[in-house]
Amino acid sequence: MDYLLLLRGINVGGNNHVAMPKLKKMLTEAGFKNVDTYINSGNIFIMGNVDQLTAEQMVAEVLKKNFDFAIDFRLISKEAFLLDLKQAPDWWGQDQELRHNAVFKLNDYKAVNDDWLKENATEDYDKVLITPNIIFWTSTKKKDHSKSFYSKIGGSDLYKQTTARNFNTTKKIEKMFAER
């Protein structure tokens with residue numbers, strides 16, 4: 001099965017350094033095939049002849065064994081990833097004056113966050129569409145950014161249980177994944 005592995009909070013501001021070539025080697029040695037990475041922010045393509053739960057356990061073991069800091073992650077099958085991206089709303093990625101993110105739900109994501117987000121996102125400064133694995137979120141950039149709910153989620157459970165990729169990175173991952 002073909003998977004996308006998304007890591008949270010690595011290689012940011014010089015903290016939690018994870019060298020992608022080394023991680024690629026570790027995952028290959030763990031039994032995954034066709035391991036490939038995209039940029040340095042924790043976007044890894046892997047293939048395995050195991051079900052998703054087993055693959056998640058294998059990834060968790062590699063991360064725990066080789067790093068002295070916790071790395072939260074999400075493993076998404078190619079089919080689930082592409083299906084969620086087909087649900088992306090028309091407004092996502094359109095206005096270059098706005099911030100467009102795909103907020104991926106990590107393995108420990110709690111569904112109550114979906115309700116919390118629906119209740120609190122501002123209609124004037126945030127547009128949100130929630131799918132099973134991804135939250136498509138468009139908010140203001142600089143002008144009025146502090147008025148958006150996106151600017152206020154730092155430290156929340158939703159923030160801690162997700163990892164974000166911008167529109168361009170997400171579209172590049174989609175293209176690379178579709179070509180595998």
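**Exercise 1.** Where is asparagine 16 found? State also its exposure and its phi.

*Solution.* The model is predicted: local features need pLDDT of at least 70, side-chain atom pairs count only at pLDDT 80 or more, and totals for chains, interfaces and linings use all residues. Residues are numbered from 1 along each chain as its sequence is written, and side-chain values use heavy atoms, with hydrogens and water left out.

Step 1. Asparagine 16 is found in the loop between E1 and H1. Helices (H or I, at least four residues) and strands (E, at least two) are DSSP runs numbered from the N terminus.

Step 2. Its relative accessible area is 31%, so asparagine 16 is partly exposed. Buried means under 20%, exposed over 50%, and partly exposed in between (1.4 Å probe, protein chains only).

Step 3. Asparagine 16 is not a glycine, although its phi is positive, about 50°.

**Exercise 2.** Describe asparagine 34 in the same steps.

*Solution.* Step 1. Strand E2 (residues 33-38) holds asparagine 34.

Step 2. Asparagine 34 is exposed because its relative accessible area is 52%.

Step 3. Its phi is near 50°, a positive value in a residue other than glycine.

**Exercise 3.** List the elements of the chain and judge its compactness.

*Solution.* Step 1. There are six helices and eight strands. From the N terminus on, they run β-α-β-β-α-β-α-β-α-β-β-α-β-α.

Step 2. The radius of gyration is 16 Å, close to the 16 Å that the globule rule gives for 180 residues, so the chain is as compact as a globular protein of that length. The radius is taken over C-alpha atoms, and the rule is 2.2 Å times the number of residues to the power 0.38.

Step 3. Buried residues make up 43% of the 180 residues.

**Exercise 4.** Which residues touch the most other members of the largest nonpolar core?

*Solution.* Step 1. A nonpolar core is a set of buried Ala, Val, Leu, Ile, Met, Phe, Trp, Tyr and Cys residues joined through side-chain atoms within 4.5 Å.

Step 2. Of the 22 residues in the largest core, Leu7, Leu23, Leu27, Ile44 and Ile46 touch the most other members.

Step 3. Two or more residues each come from strand E1 (2-7), helix H1 (20-29), strand E3 (43-47), helix H2 (52-66) and strand E4 (73-77).

Step 4. Another core, of 15 residues, lies apart from it and includes Leu6, Tyr38, Trp92 and Ile134.
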